[in-house]
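The following exercises concern cavities, an interface and selected local features. Each task is followed by a solution in steps.

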Amino acid sequence: MTLHGGVRQAFERVLDPADVLSDPVKCRAYECDGLTGYRVRPDLVLLPRDASQVAAAVRVCHEHGVPFVARGAGTGLSGGALPVADGVVISLARLKRVLEVDPVNRRAVVQPGVTNLEITAAAAPHGLYYAPDPSSQQVCTIGGNVAENSGGAHCLKYGFTTNHVLSCEVVLPDGSVVTLGTDTNEQAGPDLRGVFLGSEGTLGITTSVTVRLLRTPESVRTLLADFPSVASAGDVVSDIVSAGIVPAAVEMMDTLAIEAAEEAVHAGYTVGVPAALVVELDGPVEECDAQFELVKAICEKHGCTRLHIAGSPEERAKIWKGRKAAFAAVGRISPDYFVQDGVVPRTRLAEVLDRIAGMGTDAGLRVANVFHAGDGNLHPLVLYSAAAGETERAERLSGEIAELCVEMGGSLSGEHGIGTDKACSMPKMFGEEDLATMHRVRHAFDPDGICNPGKVLPTPRLCGERPGKYKPHPLEETGAIERL
Amino acid sequence: MTTTTTLRPADLAEVRDAVRDTPGRLAVTGAGTAANWAGELDPVDAVLDVSALTGVVTHNPGDMTVSARAGTPLRALVDELAEHGQHVSLDAARIADGATLGGLVATADSGPSSLVYGTMRDLVIGVTVVLADGTVARSGGHVIKNVAGYDLAKLLHGSYGTLGVLAEIVLRLHPVPQRTATLVVDAPLAQAAELAARVLEGPYEPVALEWVSDGSGRLLVRIEGTDEALPARVQRLREVLGGGDEAAGADDPWLRHAELTRGSPEAAVLRIGARPSVLPALVSEIAADAATVGLGTGVATVSLPPHVVAEAHGRVHAAGGTSQLRYRPPGADAAAWGPPPSALPVLRALKTELDPDGRFGPGRFSPWM
């Protein structure tokens, strides 16, 4: 079934008709996000130009029962912006204005299509910056960061998107517009902003975001250290934390990731070493200097084979360029790869990496690791060749790794979200009552189930069904199963 | 008057049974330190007292996380964690009075160090909650970075026991700083605000920046760090402040700060949040007997006569801020809430979904719901 002409006309009444795309070829550009294995061509793609047009478009969806999926830059890696076949995609790409930078109150108000790095660029003249920094920060948008509660390397010390968003203007699934959150951390009543953040576009569409800005630290010290084993690098992380130091970032890369990154950007990494750490401290110069000496000593104690200290901002940028380019760089050493995103308690890093290596060997596939070691957020990259028929095996291994993280006491996702990719793994992490409660929360926001259906929660109950507006499963109709 | 039943569950299963097997309306209580906060409770059929629901469930020192039962007093937890050089980075005034973990989450409490560490919402990484129908739901977990599923802890944060009973809470921990120092400068509010702006513009990284007034005004600036580095930082801070005495020994100005946020038999306490740039003028407009003003956080706590509370709510709202009653003197009639937020229909829908019969905390959000 496709959307009938009346619905399309209704959208054309609230948007410029040229901003309502129905040409299948044009719509194809929106058929997936960064998780390219899942593709669904939407019936229509809407390109609103401002918040009122977003609200008007959602009202049309509400009136006609049309499911909608909001989309920013499409950099998501979990299929969170996967369209619904009989629905519309609402692109926020045109809402890309920085509405206000308020240096006195250290905050900025931006539209959802503004990229993460553009916020910092707008704040920089005032000596301020926006702390959460996903590796894709040059291209990913704040709207997507809000949807996924995205993190990044500096979240260990500074917290995640949810800790830096003060409020959001949100179009609810019935087309009404509300503000969630306030100008401060103080709110009257339950923290709805906190529920909305990380809800992966299933509770509404944000049309403006007020973020907290931080003072650019006085001093930043960065080092790159090589280690003879992943375990020794992991011990360094534990010792740093035990010493009462909260680094701005601690990133770890293994042999394959180092090789790929070095080949791509020549950041000065040592090819062939089993593990490398990027440790960054920031803060007042006196604190930074004192703690940096301690970090160096800890690295040496654990058999560091090379310690490279960034001597200039350029050298620091180079180290980070290698780290942030690592995902894309893996494309140089493998025709295809899946990026997985799971979290384990930091103390189990060495154990879980060992298990992953074993699982890779069993599956006959290579796994590269580049991750946020400080907070246990792994990003195993499962390398494969689609041409060699390895896709299914790689997909299975990737899913098993995510579920291993849960078995280790961690989480299915640290920053990329559950999306379409891992909705069916949610029962591994949560019980029926947990998921049923999340359904109730979702129902309060979206009683008709039209807002990004099929994402996050395993709905329809039996995974494998096509996402869309709820329709009873045939087994449900016979009474054989029950919908919670 | 009917006799109210009090239930004292000691574990999660007992909480669930108590909720499921007790008909009617329920109030949740812990240490009772916020009993007079928010809206006044309507009569209930039973009180669920979680003060026996105590103790650490799991402490992972290497991962700097801890889970504890909701009735655990935070100060008891702090004592236990201190052995490992860790703490919960929350300095709300009523922790000293025995406030429980669950109560601190349910009332969205925080203290001056929320400037850096945030409120309880920023420290809670997992919860187990019992809903009105006996459903036991869990979200989050023991890792600080976690985006799987909806963050139910946030929903419970500030819910004043109206959406569910918090049974277990997982927190992220921070290292206890090696050293802490506070500089005190006598200054009226306007001057303190100027000094605070100067501190915030520079590389001083205060963890708390508060003006306190109970007659005369003082600016308190707290920094924390290492033994090696802190003395030099204190000196730099003193230079930008143009002086200031370092608080030492028994004369802890933060104790007085905490005291001022508690109210008195005659005075109501209003908690205000507004952009830091408008907060000093706003507080000056309100006829406050005493005040603490977070010049970086934008959060103020003011003591005022109950009969002017409604007007104060209006002024805060007009300034784009938010306010809630933090203490109602016995017998006083003071409005708990100001004008409702635009998202009130969502709040009501959530209440209907999670507690369709309106069992939990009736009156707490009156007149909103």
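**Exercise 1. Determine how many cavities of 30 Å³ or more a search of the whole structure finds, and describe the largest cavity.**

Step 1. The search of this predicted model returns 6 cavities of 30 Å³ or more. A cavity is a set of points, on a 1 Å grid over the protein atoms alone, where a 1.4 Å probe fits but cannot get out; lining residues have an atom within 4 Å of a point. Grid points are joined across faces, edges and corners, and a volume is the space filled by probe spheres set on the points.

Step 2. The largest cavity holds about 330 Å³ of space. Its lining comprises 27 residues, and those closest to its centre are Asn149(A), Thr162(A), Asn146(B), Asp151(B) and Lys154(B).

Step 3. Two or more lining residues come from each of α7 (161–164) and α8 (192–196) of chain A, and from each of α5 (120–123), β7 (124–130), β8 (136–140) and α6 (152–156) of chain B. The largest contribution, 3 residues, is that of α5(B). Helices (H or I, at least four residues) and strands (E, at least two) are DSSP runs, numbered from the N terminus.

Step 4. Sorted by class, this lining has 12 nonpolar, 10 polar and 5 charged residues. Here Ala, Val, Leu, Ile, Met, Phe, Trp, Tyr, Cys and Pro count as nonpolar, Asp, Glu, Lys and Arg as charged, and the others, Gly among them, as polar.

**Exercise 2. State the volume and the lining of the second largest cavity.**

Step 1. The second largest cavity holds about 180 Å³ of space.

Step 2. It is lined by 20 residues, of which Leu156(A), Arg346(A), Gly374(A), Asp63(B) and Ile144(B) are the closest to its centre. The classes are 12 nonpolar, 4 polar and 4 charged.

**Exercise 3. Characterise the interface of chain B and chain A.**

Step 1. With contact defined as heavy atoms within 4.5 Å, 79 residues of chain B are in contact with 85 residues of chain A.

Step 2. The buried area (the accessible area, 1.4 Å probe, that two parts lose on being put together, summed over both) is about 6,500 Å², and carbon and sulfur atoms give 55% of that area. Lys145(B), Tyr150(B) and Arg275(B) supply 16% of what chain B buries against chain A, more than any other three residues.

Step 3. The rule finds 14 salt bridges across this interface, each being a side-chain nitrogen of Lys or Arg within 4 Å of a carboxyl oxygen of Asp or Glu. One of them joins Arg233(B) to Glu287(A), with the closest N and O atoms 2.7 Å apart.

Step 4. On the side of chain B that touches chain A, helix α12 (residues 344–354) of chain B gives the most, with 6 residues. That side has 32 nonpolar, 27 polar and 20 charged residues.

**Exercise 4. Explain why the salt bridge of Arg221(A) and Asp289(A) ties together parts that are apart in sequence.**

Step 1. Over all chains the count comes to 44 salt bridges. In the bridge between Arg221(A) and Asp289(A), the closest N and O atoms are 2.9 Å apart.

Step 2. Arg221(A) belongs to strand β12 (residues 219–227) of chain A and Asp289(A) to helix α11 (residues 285–301) of chain A, so the pair ties together parts 68 residues apart in sequence.

**Exercise 5. Locate the cis peptide bond between Ser366(B) and Pro367(B) and the positive phi of Glu200(A).**

Step 1. The cis bond joining Ser366(B) and Pro367(B) has an omega of about 10°, and Pro367(B) is placed in the segment after α12 of chain B.

Step 2. Glu200(A), although not a glycine, has a positive phi of about 60°; this residue is found in the loop between α8 and β10 (205–212) of chain A.

**Conventions.** Residues are numbered from 1 along each chain as its sequence is written, while chains are lettered from A and ligands numbered from 1 in the order in which they are written. In this predicted model local features need pLDDT of at least 70, side-chain atom pairs count only at pLDDT 80 or more, and totals for chains, interfaces and linings use all residues, while side-chain values use heavy atoms, with hydrogens and water left out.

Note on methods. 1 Å grid on protein atoms, 1.4 Å probe; cavity = no way out; pocket = protein on both sides within 12 Å on 5 of 7 lines; lining within 4 Å.
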